[in-house]
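User: Could you teach me how to read a polar contact, and then how to read the two sides of a helix? I'd like the general idea before each example.

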Amino acid sequence: MNRWQIFLLTVVLTGSAYAQDDRAEALVASKPQADMTYRQLMEILGRASSMIHDGIIRENKQMVKEGAGLILNHPAPSHKPWSIMPESDQAGFKKSLLAFDEILDVQAGKTESEARDENWLNAAKALNDLNAACITCHAMWRKKASQ
């Protein structure tokens, strides 16, 4: 189990439901709202990850910066993200949302920083951690999400 999985489990298994609800609401409220669904947002974040990958392969700092910027500055969807889950899973999804949002921000920032310094192998490792977080979240929640 890597450090991000341990962090995620700690966040998911600790904290009151009310505190998580408030933090999730605050996170979503802190972002500009876009006219798109959560699914469409995830598609954009997937493209951002691909752009970062292409930038690392090409040793193109600007591509990495642009892709990381899409992740770091993404808007909120036009609805509450947890509304795509059955009511019985919404509290758990909120906890995951908080944990994964932090992981993605840290790893996108680290990827961009390493690319800026031309540490391409470290940039690739940070992108791998970012992608592992995406895949972990999808494995946990994708089959429960409504379309």
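Analyst: Happy to! A polar contact is a pair of N or O atoms within 3.5 Å, where, within protein, one must be able to donate a hydrogen and the other to accept it. Bear in mind that this is a predicted model. Here the side chains of D101 and H74 form such a contact, at 3.4 Å.

User: Where does D101 lie, and is D101 buried or exposed?

Analyst: D101 is part of helix α5, and D101 is buried.

User: Which side chain of opposite charge is nearest to D101, and at what distance?

Analyst: For a salt bridge, the nitrogen of Lys or Arg must be within 4 Å of a carboxyl oxygen of Asp or Glu. The nearest candidate is K31, 4.3 Å away, and D101 has no salt bridge. Leaving aside residues up to four places away in sequence, D101 touches L27, K31 and H74.

User: Now the helix. Which residues of α3 are buried?

Analyst: Start with its extent: α3 covers residues 38-58 and reaches 30 Å from first C-alpha to last, close to the 30 Å expected. Its buried residues are Y38, L41, L45, A48, S49, I52, G55 and I56. These residues sit on the same side of α3 because they cover an arc of only 120° around the axis. R39, R47, I57 and R58, on the other side, are exposed.

User: What do the buried residues of α3 pack against?

Analyst: Their partners are α4 (61-72), α5 (90-116) and α6 (120-141).

User: And what follows α3?

Analyst: Next comes E59, with a positive phi near 55°.

Conventions:
Residues numbered from 1 in each chain as written. Predicted model: local features only at pLDDT ≥ 70, side-chain atom pairs only at ≥ 80, totals over all residues. Heavy atoms only, no water. Helix = DSSP H or I, 4+ residues; strand = E, 2+ residues; numbered from the N terminus. Expected span 1.5 Å × (residues − 1). Buried < 20%, exposed > 50% of the residue type's maximum accessible area, 1.4 Å probe, protein only. Arc of directions from axis to C-beta. Contact = heavy atoms within 4.5 Å. Lys, Arg positive; Asp, Glu negative; His and termini not counted.
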